[in-house]
Amino acid sequence: MHRAYFGVEGLDRNLEKGLMYGSQVMVEGESGIGKTVLAGEFIKEGLRCGDTCIYVACDEPPAAMREHLLSFKVGTVAYEESSRLIFVDAYEESETKEVYALSDLRNLDKYFALETEILRGCSGERIRLVVDSLSTLFTSIDTADILDFHRTRIKRLRKSGILAMDIFVSGVLDAKLMTISGHLYNFILKMNFSGSRYNPMRMMQIGKVKSQQFVSSRHAFTISPVYGILVSAEMGVNE
């Protein structure tokens, strides 16, 4: 059985058996902490090991991820032409040049239909799906509708064997909603700044919700313009 990894050595070291296809990962973090960098690492690793990767761009145009991947020596043209890398524009409602675009950014039904259409076209392949960020799509949507969408969508992704990374920006959604949503995911990865405002440190926690508690290991990390996310091997602690 194939297993997948994030493509970040220090992070993957904590996943002895890797990620099963059909797993869903919730990534929650503050603005500027490195969530999109992590998404790029995840996509790069997927392309390297033969997966079909789908990136839904909600907070920036798809071109931003193309440039990010290129900065890490991953040209996207050949992958896009062979449909190994698919971009979805959920950032701008008009004047997009993308093959796939969300026509109404406030309609979860339309998003669900578009995602279903794209995944159906990739059936039979190992698929990685990244939504960056899902919290943007949920803005101004009723809590009950969000939870209904969450449960239906994740059940379908799991049944279809899709490895999904859903990114959330901290503080955008109600804390109770985030807690309830977290129970639906196989893994939760939290990223935040620690330390003083003059000497901030980037920290990440990877774990699961067990018996209503978030059980995780905690690690310091930095972001290199050459190597991407670098996780400290010394600072991991269980919480």
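## Salt bridges, a charged patch and a two-sided helix

Arg 126 is partly exposed, with a relative accessible area of 27%. Its salt-bridge partner is Asp 51, and their closest N and O atoms sit 2.9 Å apart. Keep in mind that you're looking at a predicted model, which holds ten salt bridges.

**The Asp 51 and Arg 126 pair**
- This salt bridge joins Asp 51 to Arg 126, and the pair links distant parts of the chain, 75 residues apart.
- Asp 51 lies in the loop between α2 and β4, while Arg 126 lies in the loop between α5 and β7.
- Asp 51 has a relative accessible area of 0%, so it counts as buried.

**A salt-bridge network**
- Glu 115, Arg 153, Arg 156 and Asp 166 are hooked up in a network of salt bridges.
- In one of its pairs, Glu 115 meets Arg 153, with the closest N and O atoms 3.0 Å apart; this connects helix α5 to helix α7, 38 residues apart.
- Arg 153 also bridges to Asp 166, at 2.8 Å between the closest N and O atoms, tying helix α7 to strand β8.
- Glu 115 and Arg 153 are buried, and Asp 166 is buried too.

**A negative patch**
- Asp 109, Asp 142, Asp 145 and Asp 148 form a negative patch on the surface.
- Asp 145 belongs to helix α7, and its 45% relative accessibility is why it counts as partly exposed.

**The two sides of helix α8**
- Leu 177, Met 178, Ser 181 and Gly 182 are the buried residues of α8.
- Looking down the axis of α8, you'd see its buried residues within an arc of 135°, so they line one face of the helix.
- Ala 175 and Lys 176 are exposed on the other side of α8.

Key
Residues numbered from 1 in each chain as written. Predicted model: local features only at pLDDT ≥ 70, side-chain atom pairs only at ≥ 80, totals over all residues. Heavy atoms only, no water. Patch = residues over 30% accessible without salt bridge, like charges linked within 9 Å, V, L, I, M, F, W, Y side chains within 5 Å. Areas by Shrake-Rupley, 256 points an atom, 1.4 Å probe, with all protein chains shown as cover. Salt bridge = Lys/Arg side-chain N within 4 Å of Asp/Glu carboxyl O. Lys, Arg positive; Asp, Glu negative; His and termini not counted. Charge placed at Lys NZ, Arg CZ, Asp CG, Glu CD. Helix = DSSP H or I, 4+ residues; strand = E, 2+ residues; numbered from the N terminus. Buried < 20%, exposed > 50% of the residue type's maximum accessible area, 1.4 Å probe, protein only. Arc of directions from axis to C-beta.
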